[in-house]
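Student: I'd like to learn how to read a structure feature by feature. Can we work through one together?

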Amino acid sequence: QVELVESGGGLVQAGGSLRLSCAATGSISGTAFRFNAMAWYRQAPGKQRELVATIASGGSTNYADSVKGRFTVSRDNAENTVYLQMNSLKPEDTAVYYCNLHITPAYDYWGQGTQVTVSS
(Lines give C-alpha, C1' and ligand atoms only; values in the text may rest on other atoms or scores of the structure.)
Protein backbone atom coordinates (compact mmCIF):
# COMPACT_ATOMS: atom_id res chain seq x y z
CA GLN A 1 0.00 0.00 0.00
CA VAL A 2 2.84 2.38 0.83
CA GLU A 3 6.50 2.01 -0.03
CA LEU A 4 9.14 4.35 1.36
CA VAL A 5 12.40 4.73 -0.53
CA GLU A 6 15.32 6.60 1.04
CA SER A 7 18.26 8.06 -0.82
CA GLY A 8 21.10 10.49 -0.30
CA GLY A 9 23.33 8.67 2.13
CA GLY A 10 27.06 8.34 1.69
CA LEU A 11 30.50 8.98 3.10
CA VAL A 12 31.35 12.48 4.25
CA GLN A 13 34.06 14.08 6.37
CA ALA A 14 33.26 15.53 9.77
CA GLY A 15 31.81 18.99 9.39
CA GLY A 16 30.27 18.16 6.05
CA SER A 17 26.65 17.95 4.95
CA LEU A 18 24.28 15.45 3.42
CA ARG A 19 20.64 15.64 2.38
CA LEU A 20 18.51 12.54 2.73
CA SER A 21 15.28 12.04 0.84
CA CYS A 22 12.40 9.66 1.45
CA ALA A 23 9.77 9.24 -1.25
CA ALA A 24 6.43 7.59 -0.56
CA THR A 25 4.87 5.56 -3.36
CA GLY A 26 1.96 3.16 -3.58
CA SER A 27 -1.79 3.07 -3.92
CA ILE A 28 -2.58 5.15 -0.83
CA SER A 29 0.73 6.98 -0.57
CA GLY A 30 -0.61 10.45 -1.38
CA THR A 31 -3.36 10.51 1.21
CA ALA A 32 -1.32 8.64 3.78
CA PHE A 33 1.62 10.97 3.37
CA ARG A 34 -0.31 14.24 3.29
CA PHE A 35 -2.32 13.68 6.47
CA ASN A 36 0.24 12.02 8.71
CA ALA A 37 3.47 12.84 10.44
CA MET A 38 6.72 11.50 9.07
CA ALA A 39 9.80 10.60 11.06
CA TRP A 40 13.49 9.92 10.58
CA TYR A 41 15.22 7.32 12.76
CA ARG A 42 18.76 6.06 12.80
CA GLN A 43 20.52 2.97 14.05
CA ALA A 44 24.23 2.78 14.68
CA PRO A 45 26.05 -0.58 14.94
CA GLY A 46 25.35 -2.23 18.26
CA LYS A 47 22.82 0.41 19.29
CA GLN A 48 19.08 0.66 19.39
CA ARG A 49 17.18 2.55 16.73
CA GLU A 50 16.63 6.13 17.85
CA LEU A 51 14.29 8.87 16.77
CA VAL A 52 16.07 11.72 15.02
CA ALA A 53 13.34 14.08 13.83
CA THR A 54 9.63 14.28 13.16
CA ILE A 55 7.51 16.52 11.00
CA ALA A 56 3.76 16.77 11.39
CA SER A 57 1.34 17.01 8.49
CA GLY A 58 1.09 20.74 9.15
CA GLY A 59 4.85 21.17 9.18
CA SER A 60 5.71 21.44 12.87
CA THR A 61 8.96 19.72 13.72
CA ASN A 62 10.75 18.07 16.63
CA TYR A 63 14.36 16.94 16.96
CA ALA A 64 16.48 14.78 19.16
CA ASP A 65 18.73 16.88 21.38
CA SER A 66 21.79 15.40 19.70
CA VAL A 67 20.88 16.89 16.31
CA LYS A 68 19.16 20.16 17.24
CA GLY A 69 20.64 23.10 15.39
CA ARG A 70 22.38 20.82 12.87
CA PHE A 71 19.60 18.84 11.19
CA THR A 72 16.48 20.16 9.48
CA VAL A 73 13.50 18.05 8.47
CA SER A 74 11.11 19.24 5.76
CA ARG A 75 8.41 17.81 3.54
CA ASP A 76 6.96 18.35 0.10
CA ASN A 77 3.40 17.07 0.11
CA ALA A 78 3.04 17.58 -3.64
CA GLU A 79 5.94 15.18 -4.19
CA ASN A 80 5.14 12.84 -1.26
CA THR A 81 8.71 13.32 -0.10
CA VAL A 82 10.33 14.12 3.22
CA TYR A 83 13.88 15.41 3.56
CA LEU A 84 16.54 15.49 6.23
CA GLN A 85 19.21 18.13 5.76
CA MET A 86 22.20 17.24 7.90
CA ASN A 87 24.89 19.85 8.50
CA SER A 88 27.98 19.93 10.69
CA LEU A 89 28.06 16.16 10.67
CA LYS A 90 29.97 14.34 13.37
CA PRO A 91 31.41 10.81 13.46
CA GLU A 92 28.74 9.90 16.02
CA ASP A 93 26.09 10.60 13.38
CA THR A 94 27.27 7.49 11.53
CA ALA A 95 24.30 5.14 11.23
CA VAL A 96 21.71 3.69 8.92
CA TYR A 97 18.94 6.26 8.56
CA TYR A 98 15.34 5.19 8.10
CA CYS A 99 12.18 7.11 7.34
CA ASN A 100 8.92 6.07 8.93
CA LEU A 101 5.25 6.65 8.29
CA HIS A 102 3.17 5.58 11.27
CA ILE A 103 -0.59 5.72 10.79
CA THR A 104 -1.70 3.01 13.22
CA PRO A 105 0.15 -0.01 14.67
CA ALA A 106 -1.23 -2.02 11.77
CA TYR A 107 -0.14 0.58 9.23
CA ASP A 108 3.46 1.31 10.12
CA TYR A 109 5.80 1.72 7.16
CA TRP A 110 9.59 1.81 7.02
CA GLY A 111 12.05 2.45 4.26
CA GLN A 112 14.97 0.16 3.53
CA GLY A 113 17.47 2.55 5.13
CA THR A 114 20.38 4.55 3.78
CA GLN A 115 23.90 4.43 5.20
CA VAL A 116 25.51 7.62 6.45
CA THR A 117 29.18 7.40 7.37
CA VAL A 118 31.04 10.38 8.81
CA SER A 119 34.81 10.13 8.93
CA SER A 120 36.90 12.00 11.46
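**Reading strands, a buried acid and some rings**

Tutor: Let's begin with β8: 5 of its 6 residues are buried, so this strand is largely enclosed by the rest of the structure. Keep in mind that this is a predicted model.

Student: Which strands are joined to β8, and how many bridges are there?

Tutor: Strand pairing is read from bridges. Here β3 (residues 18-25) is joined to β8 by 6 bridges, and the two run antiparallel. Strand β7 (residues 71-76) also runs antiparallel to β8, again with 6 bridges. For the register, look at Met-86 in β8: Leu-18 stands opposite Met-86, and Phe-71 stands opposite Met-86 too.

Student: What do β7 and β8 form, and how many residues lie between them?

Tutor: They form a hairpin with 4 residues between the strands. Check the backbone in the turn as well: Asn-80 has a positive phi of about 50 degrees.

Student: Now Asp-93. Where is Asp-93 found, and is Asp-93 buried or exposed?

Tutor: Find Asp-93 in the loop between β8 (81-86) and β9 (95-104). Burial is judged by relative accessibility, with a cut-off of under 20%. Asp-93 has 1%, so it counts as buried.

Student: What does the side chain of Asp-93 make a polar contact with?

Tutor: The partner is the side chain of Arg-42, at 2.9 Å. Leaving out residues up to four places away in sequence, Asp-93 touches Arg-42, Arg-70, Phe-71, Ser-88, Val-116 and Val-118. Phe-71 is the residue you met opposite Met-86.

Student: On to the rings. How many aromatic pairs does the structure hold?

Tutor: There are 2. To name the geometry, take the angle between the ring planes, where over 60 degrees counts as edge-to-face. For Tyr-98 and Trp-110 the centres are 6.5 Å apart and the planes are at 85 degrees, so this pair is edge-to-face. The pair links distant parts of the chain, with Tyr-98 in strand β9 and Trp-110 in strand β10 (residues 107-110), 12 residues apart.

Student: What are the relative accessible areas of Tyr-98 and Trp-110?

Tutor: Tyr-98 has 14% and is buried, whereas Trp-110 has 33% and is partly exposed. Ring pairs also bring in Tyr-41, making a cluster of Tyr-41, Tyr-98 and Trp-110.

Student: Which residues lie over the faces of Tyr-83 and Tyr-98?

Tutor: Look for a charged group above the ring. Arg-49 lies over the face of Tyr-98, at 3.9 Å from the ring centre. Over the face of Tyr-83 you'll find Arg-19, at 4.0 Å from the ring centre.

Notes. Residues are numbered from 1 along each chain as its sequence is written. This is a predicted model: local features need pLDDT of at least 70, side-chain atom pairs count only at pLDDT 80 or more; totals for chains, interfaces and linings use all residues. Side-chain values use heavy atoms; hydrogens and water are left out. Buried means under 20% relative accessible area, exposed over 50%, partly exposed in between (1.4 Å probe, protein chains only). A polar contact is a pair of N or O atoms within 3.5 Å; within protein, one must be able to donate a hydrogen and the other to accept it, and residues adjacent in sequence count only if both atoms are side-chain atoms. Contact means heavy atoms within 4.5 Å. Two strands pair if DSSP finds at least two bridges between them. Rings of Phe, Tyr and Trp (its six-membered ring) pair if their centres lie within 6.5 Å; planes under 30 degrees apart count as stacked, over 60 as edge-to-face and the rest as tilted. A charge sits over a ring if NZ of Lys or CZ of Arg is within 6 Å of the ring centre and within 35 degrees of the ring normal.
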